[in-house]
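Reader: I'd like to learn how to read a two-chain model like this one. Could you walk me through the main features?

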Amino acid sequence: MFAKEVLTGIHFFNGDQACCEGALAAGCRFFAGYPITPATEIAESISRRLPELGGIYIQMEDEIASMAAVLGASWGGVKAMTSTSGPGFSLMMENIGLGVCTETPCVVCNVQRGGPSTGLPTLVAQGDMMQARWGSHGHYEIIALAPASPQDMFDFTIRAFNLSEQYRLPVIILADEVIGHMNERVIIPREDEIEIINRPKPTVSREEYLPYKAEADGIAPMATCGDGYRIHITGLTHDERGYPGMDAKTQDQMVNRLVAKIRNNRDKIIKTKNLYLDDANVVIVAYGISARSALQAVRDARNEGIKAGLIKLETVWPFPEELIRSLAPQVKAFIMPEINGGQMVLELERCTGGACPVTLVSNFGGSIIHPGLILSSIHKAIKGKS
Amino acid sequence: MKTFKEKHIIFTGFGGQGIVMAGDILGKAASIFDHKFATMTQNYGPEARGGACSSQVIISLEEILFPCVENPEILVCMSQEAYSKNIKSLRDGGTLIWDTDLVHIRKTDIPEKAYNIPATRFAEELGTKMMANIVMLGFLSAVEHLVHADALKRAILDSVPPSTKDNNINAFNTGREYGHTVIKGLEQPEHVTD
């Protein structure tokens, strides 16, 4: 039987299955990983699907090796990903940094569960938001997306691959146990309706090619092994040739470029879904599963005549700083629900610059946030100012 | 079929009974073949088999935002532990369904709407107790109107291995027919099937 690359049609998938199908639709043909709850179903699904599409699935000895294999595969010229959770994400940190430094396109899906450590293997949390930001050592920028449904898992996995190819870095999908394990309708479009972006390739001659020399958009065209270009890949600070340069100047040039290629393209990378925002005086900023509870609370508040609005963060990193800054002087309060002790709320507070109060609605993991708790917080915010 | 705006259902039992699959099939039937909205979430412990597990299904005419089921209108129990753990969550006026041979119900717990079927025994008689979940779905389709029986059958065919399709449809029909008999016995004409 001929296997289909894109399962066009209507499905009742869990988020993990949707992630697998999104990856395949994006052109992913290599997966290395170590199964872990609640991300196991990504590995399980893709281990069945990849071989029938001529791709490669490898179950590695651990997550350190998994991430290394993914980087190697990407340099070998294929789109590659891995998936993990909690402890596995911690083990991947060093090689995620290597991926950032060597500008290697790839995707890491972290289906978050309760931590620290082994924590709650089968239960939800959103505790790895800051780890995704700066979990590897050194200074860098990252892109992370936060799906809020199995449909988002499909769509955002494709976008994660596109962003990773376009900006040449590991892109992280910060899902959570409920999204990963929840089944819901997923509509997969026709193949020709799916936008696919592939890494920029060199157009200059072999003699002229410098593997880390950026073009005007800040991105260096990427020759992979076998393309015939000379490449050198190292985690040491390197110059445009890829050769180590152990001095402050080379460090400044390299890190500056790694940071600038993301910062300067923020408007193209950042996506939010703004609902009921135009006349809102209390704004909920939410992501992942918590964005669903937030939307319920906003609708309930609207039914009571309260002008509540929602910013659903589809990208959590980079954070939509400009949007928050522009809204802060106009609104009575911001509220952020998240399943951790308060991580993204720190970023929200920073961006409001004290212009309005910011309230955190949270728990440490194990259950999702009830819309009623967010609604009470909206009530308090309204009273506090009037 | 009576219309409803939203229904919350919990299937519960132990790992290996196909509890999650039952929820998956019901949700798929509603979401794909009956054109409603549905979510299915699951709860289980770190054990692969044998631990308590549950699947929670919401079927709605509108988009579902909060996917957790706190107080189901329908509670299906396929193990004693699952019953003891979940019976208190059943909504007032809700329906309790259990496997006759696997669950002993306290008389004080029995709600007005209560049905039981020896689903596991029937499945064993049909060849394998692995199909107890499908027998239960057939029974559920006769005693409660959540989705069309055809939609459920299509969802079953879409979910089971090709070589087991006939057996699973048999299992579904067995449960459904038994359900019709039970309903008739109770003389509740408003529950007659679609």
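Author: We'll go from the interface to the sheets and then to a few backbone details. Keep in mind that this is a predicted model.

Reader: Okay, how do I get a feel for the interface, and how many residues of chain B are in contact with chain A?

Author: Begin with the contact list, then look at the area. Here 24 residues of chain B touch 23 residues of chain A. Together the two chains bury about 1800 Å², and carbon and sulfur atoms account for 57% of that. On the chain B side, B:Tyr44, B:Leu65 and B:Phe66 contribute 35% of the area that chain B buries against chain A, more than any other three residues.

Reader: And the charged and polar part? Which side chains meet in a salt bridge?

Author: Check the distance between side-chain nitrogen and carboxyl oxygen; the cut-off is 4 Å. Across this interface there is 1 salt bridge. A:Arg299 and B:Glu63 form it, at 3.5 Å from N to O. Polar contacts are counted separately: 9 residue pairs between the chains, both residues at pLDDT 80 or more. As for where chain B's touching side comes from, helix H1 (19–33) and strand E2 (37–44) of chain B each give at least two residues. The largest share, 8 residues, belongs to E2(B). By type, chain B's touching side splits into 11 nonpolar, 8 polar and 5 charged residues.

Reader: What does E2(B) pair with on chain A?

Author: For this, follow the bridges from strand to strand. E2(B) pairs with strand E9 (residues 183–188) of chain A, antiparallel, over 2 bridges. One place to look is A:Asn183, which sits opposite B:Met40.

Reader: In what order do the strands of that open sheet run?

Author: Read a sheet by walking from neighbour to neighbour. This one has 8 strands, ordered E1(A)-E9(A)-E2(B)-E3(B)-E1(B)-E4(B)-E5(B)-E6(B), with mixed pairing. Strand E1 (9–14) of chain A and strand E6 (113–117) of chain B are at the edges with a single partner strand each, so one side of each has no neighbour in the sheet. From one strand to the next, the twist averages 20°. Within chain B, strand E1 (residues 6–14) and strand E3 (residues 52–60) run antiparallel and are joined by 9 bridges. B:Ile9, for example, has B:Val57 as its bridge partner in E3(B). Helix H6 (residues 150–167) of chain A packs on this sheet, touching E1 and E9 of chain A, and its direction makes about 40° with that of E9(A).

Reader: Now for chain A on its own. How many strands are in the open sheet that includes E10 and E15?

Author: Same walk again. There are 5 strands, in the order E10-E12-E11-E14-E15, and the pairing is mixed. Strands E10 (272–275) and E15 (358–362) of chain A are the edges, each pairing on one side only. Inside the sheet, strands E11 (residues 282–287) and E12 (residues 308–313) of chain A pair in parallel over 6 bridges, with A:Val283 opposite A:Gly309.

Reader: Last one: which backbone oddities should I look up, and where is A:Pro38?

Author: Scan omega for cis peptides and phi for positive values. The bond from A:Thr37 to A:Pro38 is cis, with omega near 0°, and A:Pro38 lies in the loop between strand E2 (28–33) and helix H2 (40–52) of chain A. The bond from A:Trp317 to A:Pro318 is cis too, with omega near -5°. A:Glu103 has a positive phi of about 55° although it is not a glycine.

Methods
Residues are numbered from 1 along each chain as its sequence is written. Chains are lettered from A and ligands numbered from 1 in the order in which they are written. This is a predicted model: local features need pLDDT of at least 70, side-chain atom pairs count only at pLDDT 80 or more; totals for chains, interfaces and linings use all residues. Side-chain values use heavy atoms; hydrogens and water are left out. Contact means heavy atoms within 4.5 Å. Buried area is the accessible area (1.4 Å probe) that two parts lose on being put together, summed over both. A polar contact is a pair of N or O atoms within 3.5 Å; within protein, one must be able to donate a hydrogen and the other to accept it, and residues adjacent in sequence count only if both atoms are side-chain atoms. Helices (H or I, at least four residues) and strands (E, at least two) are DSSP runs, numbered from the N terminus. Ala, Val, Leu, Ile, Met, Phe, Trp, Tyr, Cys and Pro count as nonpolar, Asp, Glu, Lys and Arg as charged, and the others, Gly among them, as polar. Two strands pair if DSSP finds at least two bridges between them. Axes are lines fitted to C-alpha atoms, for helices over the stretch in contact, and angles run from 0 to 180 degrees between N-to-C directions.
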